Amino acid sequence: MNSLLEILPWLIAMTVLLGLSAFFSASEAALFFLRPGDRRRMESGTAGQQTAARLLAGPDRLLTGILFCNLLVNVVYFALSSIVAMRLEQMGSGSFSAVLFAMGSLLVLIFFGEMFPKSIAVTRPMDLARLLSIPLSIPLRALDPILPVLRGGTLLSRRILWPGFCLEQDMELADLERAIQLSSKDDAIIQQEQTVLNNIVHLADIRIDEWMRPRSQFVVYAPPVSKRDLKGEIPAGGYLLISEPDSEEIERALRLDNAGDLALKSIDRVARLVAYLPWRSTVADALEEMSRSGSDVVAVVNELGETIGVLTIDDILDTVLTIAPSRSKRILDLNPVLQLDDNRWSVAGMMSIRRLARRFNVEILPTRSVTVVGVMQEVLGRVLEPGDVCQWGPFRFKVLDAPDVDHVSVEISIDQPAGDVR
């Protein structure tokens, strides 16, 4: 009993140091796991969020201070662990008990001071950054007088160990094209790589309403949203869309296969704000807005400000990386074009008119509609029914099946010979 009381103050001090190590480890992981969009939103948030944004404005100072504090805490922790181990040996517990205590102290520090807090921090970075930033700023402010010395030591060691180290220049588009040409002698691979480059260029030509997921193809959940509301199903497209509290307009989105907080009673807290763009914007505009705002989802609105569809970063990647991208294949899992005979094809009504014209290498008439179904409804002036026929430029359209507006099957034929039909 007396021996335990003798080492109890040292054990209490080690527990406090363990908590400090966990604090600095979690702070590092949470703050540096934040995305640029999260940081911008935190600049106008609560006091804790604004403090986190200010700390991240000087990443070198922040990282140097956290690592120094954590190193200092760990050194003191190991020193106390050695003292306790020697006391145990002096009290007759034997050298084996002393070694066992030292090894156990090391494992406890690795798990509870490093691994566990960092694992928690990366699953809820915004919440922990908000809570930890204010207390973290206190030791960082105290270290400000010696931080230049620490940074100077880091720079000096880097110059000594890697004297030729320098930042790489940004890669130009011409460098990328040359790298592709030199990367392989296989003509098929080169053609695929060039197709991807062409797809990137065409992002500026594709209107966002041609490639979005229409409103009828996704479900919007009203807050608060819990895991039970999903009923064990992943929404279409892999994103959980959450509306504003007092309307049906989309406010937030969460990619479910990348979330570790579905066990929470309310998923809203980990969902990110969506960006908004008008329907006449291009897919390139959507990609730029995603990069600026840090959002993976863009809500597409019409002239009245109503949401008519969504476009996700996965949709854009499909456009770039797929050799022959198709919205009907991506959303409805339907083949966009199926040849029936020499001059007849079956197409999905959701297929883009512009892509249809490009596929058959024909000229099309000016139209406000972007899909085959839209053009037919514009020509006929009513909702489509099976058997409806209309002529539009070189195309003759006939409705084969129309169970609903999103699953219309259309037969097309061309009055003039088509070009390269694939």
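**Overall make-up and a helix pair**

The protein chain carries 15 helices and 13 strands. The model is a predicted one, so everything here is read off computed coordinates. Of the chain's 422 residues, 41% count as buried. As for the outside, the accessible surface adds up to about 23700 Å², and carbon and sulfur atoms hold 59% of that area. Among contacts in the chain with a separation of 6 or more, 58% link residues 24 or more positions apart.

One helix pair is worth walking through. Two packed helices are described by the angle between their axes and the distance between the axes. Here, helix α3 (residues 47-56) meets helix α6 (residues 125-143), with axes that come within 7 Å and cross at roughly 65°. The crossing of α3 past α6 is left-handed. On the α3 side, the contact is made by Ala47, Gly48, Gln49, Thr51, Ala52 and Leu55. Helix α6 brings in Met126, Ala129, Arg130, Ser133, Ile134, Leu136, Ser137 and Leu140. Sorted by character, the residues of this α3 and α6 contact come out as eight nonpolar, five polar and one charged.

Then there are the cysteines. A disulfide is a covalent bond between the sulfur atoms of two cysteines. The model has zero of them, as no pair of cysteine sulfur atoms lies within 2.5 Å. Two cysteines can be placed by their exposure: Cys69 has a relative accessible area of 9%, and Cys390 comes in at 6%. Buried means under 20% relative accessible area, so Cys69 counts as buried, and so does Cys390.

Notes
Residues numbered from 1 in each chain as written. Predicted model: local features only at pLDDT ≥ 70, side-chain atom pairs only at ≥ 80, totals over all residues. Heavy atoms only, no water. Buried < 20%, exposed > 50% of the residue type's maximum accessible area, 1.4 Å probe, protein only. Axes fitted to C-alpha atoms, helices over the stretch in contact; angles between N-to-C directions. Helix = DSSP H or I, 4+ residues; strand = E, 2+ residues; numbered from the N terminus. Left-handed = near helix turned anticlockwise from the far one by under 90°. Contact = heavy atoms within 4.5 Å. Nonpolar A, V, L, I, M, F, W, Y, C, P; charged D, E, K, R; others polar. Areas by Shrake-Rupley, 256 points an atom, 1.4 Å probe, with all protein chains shown as cover.
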